[in-house]
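Subject: Handing over a structure, with notes on what was found

Dear colleague,

I am passing a structure on to you, and since you are new to it, I have put some notes below it. Please look at the sequence and the structure before you read on.

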Amino acid sequence: MKNIFAIIFATLAGVSTSLEAFINGELGKNTTALVATFISLVVGTIFFFINICLTGNLKTLASFNDINPKLLLGGVLGGLVIYFTVKSVPNLGVSKTLTLIVVSQMIVGFFIDSHICLLYTSPSPRDPKTS
């Protein structure tokens with residue numbers, strides 16, 4: 001039963017990725033890819049900051065200094081995802097862009113899960129029924 005929420009969240013991530021690619025691609029047509037990426041990240045930052053304040057997680061945000069600096073690369077990678085998507089969608093369209101993104105995510109995800117963990121986390125636990 002606990003996996004149902006993970007499945008729902010993963011599905012919502014897929015839907016959000018598709019909509020984000022389309023919207024940011026259009027934004028990039030009206031500005032540049034770099035400016036569209038910046039606008040998208042600023043709007044996202046404001047959205048999540050408001051949510052952090054509303055949910056009472058401001059104290060957790062204040063413990064920012066305790067985070068391993070390598071883990072902050074996630075923000076850079078997230079920005080690169082937006083930038084590369086904005087550059088790709090006008091030429092390839094949303095479907096082809098997202099297909100390439102999903103395929104590359106699956107390849108890299110398999111490699112991380114089965115061979116290494118780039119940020120010193122442990123690999124995902126294996127289900128003995130499917131291994």
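Which residues form a nonpolar patch on the surface, and about how much accessible area do they have together? The patch consists of V35, F38, I39, V42, V43, I46, I50 and L54, and together these residues have about 730 Å² of accessible area. Please keep in mind throughout that this is a predicted model.

Two members of that patch can be described a little further. L54 is found in helix α2, which covers residues 33-54, and L54 counts as exposed because its relative accessibility is 70%, where the cut-off for exposed is over 50%. V35 also lies in helix α2, but at 39% relative accessibility V35 counts as partly exposed. The C-alpha atom of V35 is separated by 9.1 Å from that of Y83, although the two residues are 48 residues apart along the chain.

As for the overall build, the protein chain has five helices and zero strands, so that, in the order read from the N terminus, its elements run α-α-α-α-α. The chain has 131 residues, of which 13% count as buried. S40, which is found in helix α2, is buried, with a relative accessible area of 18%, and this follows because buried means under 20%. Between S40 and I82 there are 8.0 Å from C-alpha to C-alpha, while in sequence the two are 42 residues apart.

I turn next to the enclosed space. How many cavities of 30 Å³ or more are there? The count comes to one cavity, and the volume of the largest cavity is about 40 Å³. Its lining is made up of T17, E20, A21, N24, V81, I82, T85 and I101. The elements that give two or more residues to this lining are α1, covering 2-30, and α4, covering 73-92, and α1 gives the most, with four residues. By class, the lining of the largest cavity holds four nonpolar, three polar and one charged residue. I82, which was named above for its distance to S40, is one of the residues that line this cavity.

There are also open pockets to describe. The largest pocket holds about 250 Å³ of space, and its lining is formed by L77, L80, V81, F84, T85, S88, L92, T97, L100, I101, S104 and Q105. Helices α4 and α5, the latter covering 94-114, each supply at least two residues of this lining, and α4 gives the most, with seven residues. Which classes of residue are found in the lining of the largest pocket? Seven of the residues are nonpolar and five are polar, with no charged residues. V81, T85 and I101 are among the residues lining the largest pocket, and V81, T85 and I101 are also among those lining the largest cavity.

In the second largest pocket there is about 210 Å³ of space, and the residues that line it are I39, S40, L41, V43, G44, T45, F47 and F48. This lining divides into five nonpolar and three polar residues, with no charged ones. I39 and V43 belong to this lining, and I39 and V43 are also members of the nonpolar surface patch. The buried residue S40 is likewise one of the residues lining the second largest pocket.

Finally, there is the matter of charged pairs. The count comes to one salt bridge, which K29 forms with E26, and the closest N and O atoms of the pair are 3.0 Å apart. Why are K29 and E26 separated by about one helical turn? The reason is that K29 and E26 are three residues apart in helix α1. With regard to accessibility, K29 is exposed, with a relative accessible area of 53%, whereas E26, with a relative accessible area of 31%, is partly exposed.

When you go through the model yourself, you may wish to begin with the nonpolar patch that includes V35 and L54, and then to go on to the largest cavity, lined by residues including T17 and E20, before you come to the salt bridge between K29 and E26.

With best wishes

Key
Residues are numbered from 1 along each chain as its sequence is written. This is a predicted model: local features need pLDDT of at least 70, side-chain atom pairs count only at pLDDT 80 or more; totals for chains, interfaces and linings use all residues. Side-chain values use heavy atoms; hydrogens and water are left out. Patches are made of residues with over 30% relative accessible area and no salt bridge: like charges are joined within 9 Å, nonpolar side chains (Val, Leu, Ile, Met, Phe, Trp, Tyr) within 5 Å. Accessible areas come from the Shrake-Rupley method with a 1.4 Å probe; for residues, only the protein chains shown count as cover. A salt bridge is a side-chain nitrogen of Lys or Arg within 4 Å of a carboxyl oxygen of Asp or Glu. Buried means under 20% relative accessible area, exposed over 50%, partly exposed in between (1.4 Å probe, protein chains only). On a 1 Å grid over the protein atoms alone, a cavity is a set of points where a 1.4 Å probe fits but cannot get out, and a pocket is an open set with protein on both sides within 12 Å along at least five of seven lines; lining residues have an atom within 4 Å of a point. Grid points are joined across faces, edges and corners, and a volume is the space filled by probe spheres set on the points. Ala, Val, Leu, Ile, Met, Phe, Trp, Tyr, Cys and Pro count as nonpolar, Asp, Glu, Lys and Arg as charged, and the others, Gly among them, as polar.
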